[in-house]
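Let's take a walk through a few helices and sheets of one protein model. Have the structure open and follow along.

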Amino acid sequence: MENLALKTYAFCYLSTLFLIRMEASKVRQTFLDFFKSKQHEIVPSAPMVVKGDPTLMFNNSGMAPFKDIFLGNAPIKYPRIADTQKCLRVSGKHNDLEEVGVDTYHHTMFEMLGNWSFGDYFKKEAIEWAWELLTKVYKIDPFRLYVTVFEGDEKEGIPFDQEAYDTWKKYISEDRILRGNKKDNFWEMGDMGPCGPCSEIHCDIRKPEDRMLVPGKQLVNTGHPQVIEIWNNVFMEFERKADGSLVKLPKQHVDTGMGFERLCVVLQGKQSNYDTDVFMPIINKIEELSGHRYKPEEEEKHKKQLIINIAMRVIADHIRAISFSISDGQLPSNTGAGYVIRRILRRAIRYGYQSLNLKEPFMHRLVPTLANQMGQAFPELVSQKLLIEKVIKEEEISFYKTLEIGLKRIDQVCIDLANSKKGTVIDGKIVFELYDTFGFPVDLTSLIARSYDLTIDEEAFNKYLEEQKNRSRAATSVDTEDWIYTEFGKTLQGENETNFVGYEEQEIQSKIVRYRKVKAKNKEQYHLVLNKTPFYAESGGQVGDTGVLESINEKIVINDTKKENGVIIHFCDRLPENINAEYFSKVDKSKRLLTTNNHSATHLLHAALRSVLGTHVEQKGSLVNDEHLRFDFSHFSKITDEEIKQIERIVNNKIRENIASNIQLMGIEDAKKTGAMALFGEKYGDVVRVVTFDKNYSIELCGGTHVPATGQIGYFKIVSEGAVAAGIRRIEAVTSEKAEEYFENQIAVLNELKTVLKGSKDVVKSVNGLLEENSELQKQLQQLLKEKAGMIKKELVAKIQKKDGINIITEKISFDSAEEIKNLLFEIKNEVENCFVVLGAEVKGKPSISVIISDNLVKEKNLNAGNIVRELAKEINGGGGGQAFYAQAGGSKAEGLDSAINKAKAII
């Protein structure tokens with residue numbers, strides 16, 4: 001028995017010596033080359049940030065970009081595809097954020113290596129090639145591998161996956177084929193959508209001695225950090241409907257996903273994703289910036305080292321997610337996908353601040369390392385490097401200021417509670433406010449509280465947090481019913497259901513193919529799919545068309561048009577009475593015309609910006625509707641008035657030239673040869689639409705609607721220019737009728753001003769004269785206020801009451817300047833020793849209370865102006881606060897000032 005154990009140990013040890021230690025870049029390329037040899041088309045990664053899919057903010061899996069193909073909403077161009085897809089999981093069902101950094105294998109942003117079959121091969125080939133690649137090409141020891149198959153589900157009526165089991169038996173012993181339940185072995189993208197049984201491949205990367213103690217099969221899908229899933233083969237057979245039922249997809253597909261980072265762990269003989277060359281260059285840079293060392297081998301022995309290691313893993317992971325998102329065009333913001341990115345960035349900053357003592361912006365300094373490491377596979381990191389650095393740095397500077405304010409706030413809370421003698425537990429509502437407003441994690445608040453011998457009410461905090469989550473869920477919850485096909489639609493189901501003809505026509509005969517009811521925020525709406533539609537669906541910054549569907553008996557208002565999974569959806573508030581009737585689809589022509597003018601104007605503007613400011617200018621976002629156009633672009637300084645004039649002059653010259661638009665469909669590579677500008681973060685097909693206004697001026701890839709010739713735009717006027725983020729400027733402009741309205745309004749204002757100035761011929765001179773006169777009067781007023789303050793000060797000093805060595809002033813005064821009251825109090829504090837002063841006044845009709853206390857009394861008598869003013873403010877139905885030596889409060893009940901003054905006398 002002992003001899004057998006020794007032999008087994010020797011085998012386990014020797015199997016670790018035959019591993020090919022590949023660099024990460026070679027791991028990725030080997031995968032793509034292997035599937036290219038299996039007749040797969042190698043396609044580039046889709047952007048990580050999703051546009052045009054209301055169910056997703058980010059691509060959270062390798063299959064997400066192909067969802068419309070799985071659903072039968074898009075044609076199959078290549079039956080076999082392979083790629084490496086940028087993915088992000090931080091919200092919704094697939095949310096790994098809280099595990100990131102704490103364990104060694106979860107990530108926010110990750111690469112998913114995948115091979116796909118759209119109605120071509122199925123389980124047999126997928127399993128065969130997976131085994132061949134892993135064991136023959138990558139040379140992974142077969143005895144380290146385990147596979148799972150779906151055990152079936154009686155409730156769903158899905159049988160055991162016998163076909164997958166029988167196929168695996170050809171390559172691996174049956175004791176390594178494990179049966180998995182629905183949780184682990186039935187893959188679903190969300191509550192609705194494509195799904196099917198899956199077969200996972202797990203690898204046991206433990207050391208030989210650990211493998212001897214516990215068989216790897218016992219640790220599969222238990223969360224063990226060294227027995228990890230590396231590849232999942234999903235066999236897409238079903239679609240989950242809104243009512244929870246499953247229906248067969250039109251065709252069977254294969255969707256496989258292999259975690260690139262985990263594969264590198266296996267192939268490089270490491271014990272953690274972060275130990276591979278995917279992350280170590282970034283971690284080395286973090287070590288350099290922080291002065292700390294990353295020592296995973298010391299985590300179990302030293303808690304402080306564990307804290308340092310977790311922080312470095314969090315930062316190394318998060319800089320990837322943030323940088324890739326910005327390169328895809330998603331900037332940090334307070335809503336939607338932008339909020340997610342800001343949250344990730346602030347989480348990384350907090351870990352650096354709290355655990356690595358990084359008190360100055362540091363995240364942006366990691367970007368060059370990342371770009372150097374991954375720029376060859378993802379060139380957008382190199383081309384967008386300066387922008388990424390700039391955006392992250394500005395975000396860091398802003399959040400460090402917020403952190404400073406938050407630290408002062410929590411210190412004040414702790415001091416106030418400690419001094420009040422009203423307990424030792426900080427209210428959970430205050431802890432939540434610090435979390436929600438200042439981004440303070442609970443453990444940081446708790447740490448600071450402990451330094452004051454206080455604790456936090458974590459249970460109450462969790463209650464407020466859950467309430468916020470519930471409010472958020474309620475605000476964003478959408479109840480979407482299943483699609484119902486009309487009699488006509490049933491004849492087309494899954495085959496060329498809809499055709500957009502809106503470039504050429506704006507009124508056509510249409511029939512309804514399918515419809516569904518949607519309920520959001522207690523409002524019911526209906527979605528319609530038409531077999532032919534002139535309605536442009538919102539995309540590329542251009543809003544969706546509105547209009548009507550008309551029949552002999554009724555008129556249905558279409559109030560928006562969007563695209564979902566490649567399908568054009570028309571929004572209306574009620575369902576047509578006869579869903580099988582033929583309707584006359586009419587676009588709102590006036591709105592479309594003005595929107596089209598603005599869209600073409602953005603192209604002219606883009607070219608003008610590059611001409612005036614430089615070719616570094618790139619579009620970063622846009623909004624085009626019938627009212628105005630908004631254009632975001634990369635540029636690192638404010639545009640001068642002279643530059644704005646130049647830009648307007650160029651655009652209006654191009655309008656007057658009445659340049660005819662030249663719109664062509666061509667292959668993406670041919671389009672690039674023409675010099676057509678493409679936008680980062682946009683997903684383009686093999687055939688693209690190229691919009692040209694003079695081949696020497698403007699050529700862009702664009703799917704929007706455009707004018708036949710630029711003269712139709714009429715006139716172009718910039719109405720505002722400013723910054724929206726670091727390195728991103730925004731121009732808002734109007735054209736056509738709205739430009740006329742703009743000038744009419746400006747002239748009306750000018751005429752009104754002339755009337756006010758009694759018909760002055762030189763309006764500018766008259767206004768300057770009034771400003772100078774006003775400035776002089778302000779100076780005189782300030783002088784009068786100072787003199788009045790001096791008189792009041794003398795009166796107040798004369799009324800000083802002495803008690804126990806304290807000079808007390810508690811008076812109601814008549815003074816209408818909050819600033820001068822503050823100055824008065826500080827003058828008294830500087831001139832009168834041991835002073836305690838409370839002043840009440842009506843400032844611009846509102847009651848105000850101010851308290852100032854000598855510094856020595858604050859320390860010796862344990863007095864706190866902030867606490868006192870908050871108590872006094874109750875008498876005037878108000879609130880306030882401040883520092884221990886000076887505080888102010890305002891309210892709404894002026895008649896309570898006398899009571900507040902009397903209360904102050906009682907307090908002292």
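Helix α26 (residues 865-873) and helix α27 (residues 897-907) pack at about 140°, and their axes lie 9 Å apart. Helices here are DSSP runs of H or I with at least four residues, strands are runs of E with at least two, and both are numbered from the N terminus. Axes are lines fitted to C-alpha atoms, for helices over the stretch in contact, and angles between N-to-C directions run from 0 to 180 degrees. The pair α26 and α27 is therefore oblique; under 35 degrees would be roughly parallel, over 145 roughly antiparallel, and 65 to 115 roughly perpendicular, with the rest called oblique.

This is a predicted model, where local features need pLDDT of at least 70 and side-chain atom pairs need 80 or more, while totals for chains, interfaces and linings use all residues. Residues are numbered from 1 along each chain as its sequence is written, and side-chain values use heavy atoms, leaving out hydrogens and water.

Which residues of α26 and α27 meet? Ile868, Glu871 and Leu872 in α26 meet Ala900, Lys903, Ala904 and Ile907 in α27, where contact means heavy atoms within 4.5 Å.

Both helices also sit on a sheet. This open sheet has six strands in the order β30-β31-β32-β33-β35-β34, with mixed pairing; two strands pair if DSSP finds at least two bridges between them. At the edges stand β30 (801-803) and β34 (879-882), each with a single partner strand, so one side of each has no neighbour in the sheet. On average, neighbouring strands of this sheet are turned by 20° against each other, direction ignored. Here's how the two helices lie on it:

| Helix | Strands touched | Angle |
|---|---|---|
| α26 | β32 (835-843), β33 (846-853), β34 and β35 | about 155° with β33 |
| α27 | β31 (806-812), β32 and β33 | about 175° with β32 |

Back at the edge, β34 and strand β35 (residues 886-890) run antiparallel and are joined by four bridges. Across that pair, Gly881 stands opposite Gln888 in β35.

Now for another sheet. It's open too, with three strands in the order β25-β26-β27 and antiparallel pairing. Its edge strands, β25 (662-667) and β27 (698-701), each pair on one side only. Six bridges link β25 with strand β26 (residues 687-693), and Gln664 stands opposite Val690 in β26.

Last stop: helix α14. Just after α14, Lys421 takes a positive phi of about 60°.
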